[in-house]
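User: I'd like to learn how to read a model like this one, feature by feature. Could you give me the general idea each time and then the case at hand?

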Amino acid sequence: MVSRGLLRAGVALIALSGPLAAQSMFDADDGMGVQPLTGMPGSMSADSGVTALAPESVALGSAPVADRTPSPQNPMVVGPDADVTLPGGGPRDPQSGAATLLADRIDVAGDQTLTASGGVVVWHQGARLVADRIVVDGDSGDLTIEGPIHLSRPGAADPETDAILIADSAQLDSELQDGIVLGARLVLARELQLASTRLERREDGRISQLDNVVASSCQICATDPTPLWEIRARSIIHDADTRLITFDRPQLRAFGVPLAYVPFRVTAPDPSVERRSGFLRPEIRTTSGLGFGVKLPYFQTLGDSTDLTVTPYVSESRTRTLELRYRQAFTTGATEWNGAISRDDLRPGETRGYLFGAAQFLLPRDYRLALQVQHASDRAYLLDYGVTDADRLWSGVSVERVRRDKLFWGRVGNYETLREDEDNATSPAQVADAIWMRRLTPRLIGGEALLEWSAHAHRRPSDSDLVGRDVARASVGLDWRRNQILPGGIVAAALAGLDADLYRIAQDDQFDDVVTRVDPQVGVELRWPLAGGTGGATHIVEPVVQVLYSPRGRDQDIPNEDSRLIEFDEGNLFSDNRFPGWDVRETGLRANIGATWTRIDPTGWSIGVTGGRVLRARDADNFAADSPLGGRSSDWLLAANFDNGGGLAVANRALFDDSARISRNELRVGWLRPDLNLSAGYIWIDRDEDEGRVVNASELAANVGWQIADGWWGEAETRYDFAADRAQRAALRVAYRNECITLESGLSRRFSSSDLLRAETSFDLSVRLGGFGAQEDGPGTVARRNCMR
């Protein structure tokens, strides 16, 4: 029979871990974690936010005006962790000394010396001690513990960040905090292991000092005790409060071979730290323009809500660069600023650099204020240093508010073009926009109405006639729609609209100074949604006929500044106006006809097809004759999509005339699996001088990430121009991750060149040792070492 004893003793057990880190007010990936490699494609993991059917590209500007200027991601903030406990920082509870002890055998001698042996387990305030034998001295209360010993806090709020002590034997005081531990192994956050023949704990258990110690986060097998890497030091001190590890004269070894030695003390964060001042992972960057170089970023916290990252970048005497990043979070918003200043041999004697800044704040009554600043000394700088391939920059201020039935959006700012064929003096530089929209439900006529007020102005710095044209516009629009279900399930709708514009045109004698325009519109729409099923599958068919009329007329008295690039797809097949802006509108009597078919299979896959075209009573007024929307009938639109329900999605859209000649075709493929992330697209567009294309466009863009082997993840990116018969860019990235090391390398090539730009090849390499600071999970699996017995 196994006897069990239960004893309430006046001893206290505390965990060996320190407090939780005060979380960064920003994303934790840059606290003491990993910085992405410069100029390489981002992660394409399934949870990274990348759309399956769209390869990654430069983000567009604000949604109401898709002007294709780069828009940096809004500064992200997270709430601080309010549940932070500092051990030993407050007054002791008189009852906190009570502990619960279970053992196979408990003996109490005449001098009150207590001996517990056989499967000894002690619980106290969330901590658990497991040992083979414990002797409590009756006079002093000191404890002699024989192992194997295991001390942890499984009941902690976050046990993954706590420390675990494993030892052969220990001599501790009555509080189980200070004393000597022999044959000790201290495991921090289940990641970093410190092994020593002797460990001393002092200052109420806050300081743990190990002598002649080896540290590593690699798994060690009995048959092969040499880890992939290890750090040997005369002593290592772990502070549970600050969660810092101090190495005394450390030596770094790989496969048992010494690689580096530091003859002084070095401090590093333990694995539970997400944000702390210190050096980040260095990066090696080699480019054909700048040569071999090294980046050594230093992260400096400036309080709980502010930080600064300083990154010197030096390469073979060809460049001296200082990169800076400043981030600050406020109660109602956040801001982030990135910039660099350089002196290099690419442009001798010139000081080059860039500055990108973004801020966002919540205002009263649900308004949101945003600020963006973007400036570069030259476009070549942004490409040479792997910042961005954007060729237009926008700086300004925007305000928006979105509610269920109201929207307001406004901005004012300045454009800076970096294109060789554009002049900032003759391009619309200063731009202001405002849009107010309100959804209404009229009581007298029923249905739903949308009222819109908008204003726009842009100015060219040039004072010359024609090329310095400045335009201002004020517009009001009212759209109304009412649906009615007819017998047989037909859905009928009555449509009406009225748009009015007032233009002020300056510095262009081809147009009047003041131009007004009023465009009324009426229409009807018939839809017949049908649903049925065969073999468990659901089929949905919906033919649609939409007839619209507005007075004919060409907008020749208004300069076309915002409606030059026209899209025709399933999204606007049944639209009253396919021009993207305000300067040009569709007119005349026309009919939008089409149908959709969708099949939903019970096994999870689905397929959909949409087809249709636009018919007109007379040739289109504002479309060129060779445009897909020109003439009396548009090209046929045929779009199809397929989803297998398991991560594979395929979509294709084509425009072709009655002779089956294709004018536009777009194919997109996406496949998201744990071991494969594919996003590819091919596009073909006929040349169109009205849209600025003098040659046909034929281009392939693809991103792919795949699991090469256990722990190995590869990513590739390419963009190939078939019309020019050359690649625009290509990149390959390989990463290896196991439990103790992360190695990332990337090779990229930009093939485009001009008088100001040069083709460039770059190579990046970085290595991170696990166990020092928190690390974000990457795509793919983590290789684990197997210990075979």
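User: Let's start with empty space: how much of it lies in the second largest pocket?

Analyst: A pocket is found on a 1 Å grid over the protein atoms alone: it is an open set of points with protein on both sides within 12 Å along at least five of seven lines, whereas a cavity is a set where a 1.4 Å probe fits but cannot get out. Points are joined across faces, edges and corners, and the volume is the space filled by probe spheres set on them. Here, the second largest pocket holds about 1100 Å³. Before we go on: this is a predicted model, with pLDDT of at least 70 needed for local features and 80 or more for side-chain atom pairs, while totals for chains, interfaces and linings use all residues. Numbering starts from 1 along each chain as its sequence is written, and side-chain values use heavy atoms, leaving out hydrogens and water.

User: Which residues lie nearest the centre of that pocket, and which strands supply its lining?

Analyst: A residue counts as lining if it has an atom within 4 Å of a point. There are 35 such residues here, and I231, V266, A268, L769 and F772 lie nearest the centre. For strands, read DSSP runs of E of at least two residues; helices are runs of H or I of at least four, and both are numbered from the N terminus. At least two lining residues come from each of β11, β12 (244-248), β13 (251-254), β14 (257-261), β15 (265-269), β16 (278-279) and β44.

User: How many helices and strands does the protein have?

Analyst: The count is 1 helix and 44 strands.

User: Let's look at β44. Which way do its side chains point?

Analyst: In a regular strand, side chains alternate between the two faces of the sheet. To read burial, take under 20% relative accessible area as buried, over 50% as exposed and in between as partly exposed, with a 1.4 Å probe and protein chains only. In β44, E760, S762, D764, S766 and R768 point to one face and are buried. T761, F763, L765, V767 and L769 point to the other face and are not buried. Across the 789 residues of the protein, 42% are buried.

User: Which strands pair with β44?

Analyst: Two strands pair if DSSP finds at least two bridges between them. β43 pairs with β44 (residues 760-769) in the antiparallel sense over 10 bridges; within that pairing, S748 has S762 as its bridge partner, and I741 has L769. β17 (residues 283-287) also pairs with β44, antiparallel over 5 bridges, with E283 opposite S766.

User: And what lies on the other side of the story for β43, in its link to β42?

Analyst: A hairpin of 3 residues joins β42 to β43, and the two strands pair in the antiparallel sense over 9 bridges. S748 appears again here, as the bridge partner of A731. β43 is mostly covered, with 7 of its 10 residues buried.

User: How many disulfides are there, and why is the link of interest for the chain?

Analyst: A disulfide is called when two cysteine sulfur atoms are within 2.5 Å. The whole structure has 1: C218 with C740, whose sulfur atoms are 2.1 Å apart. The link is right-handed, with 85 degrees about the S-S bond, and both C218 and C740 are buried. C218 sits in the loop between β10 (207-216) and β11 (229-239) and C740 in the loop between β42 (726-737) and β43 (741-750), so the pair ties together parts 522 residues apart in sequence.

User: What makes up the largest nonpolar core?

Analyst: Such a core is a set of buried Ala, Val, Leu, Ile, Met, Phe, Trp, Tyr and Cys residues joined through side-chain atoms within 4.5 Å. This one has 42 residues, with I134, I145, L194 and F247 making the most contacts inside it. β7 (residues 163-172) gives the most, with 5 residues. A second, separate core of 13 residues includes I566, L573, V584 and L655.

User: Finally, what is L451 in contact with?

Analyst: Contact means heavy atoms within 4.5 Å. L451 belongs to β28 (residues 448-459). Leaving aside neighbours within four places in sequence, L451 touches W436, M437, R438, L440, V476, G477 and L478. L478 is 27 residues away along the chain, yet its C-alpha atom is 4.7 Å from that of L451. For the whole protein, 51% of the contacts with a separation of 6 or more are between residues 24 or more positions apart.
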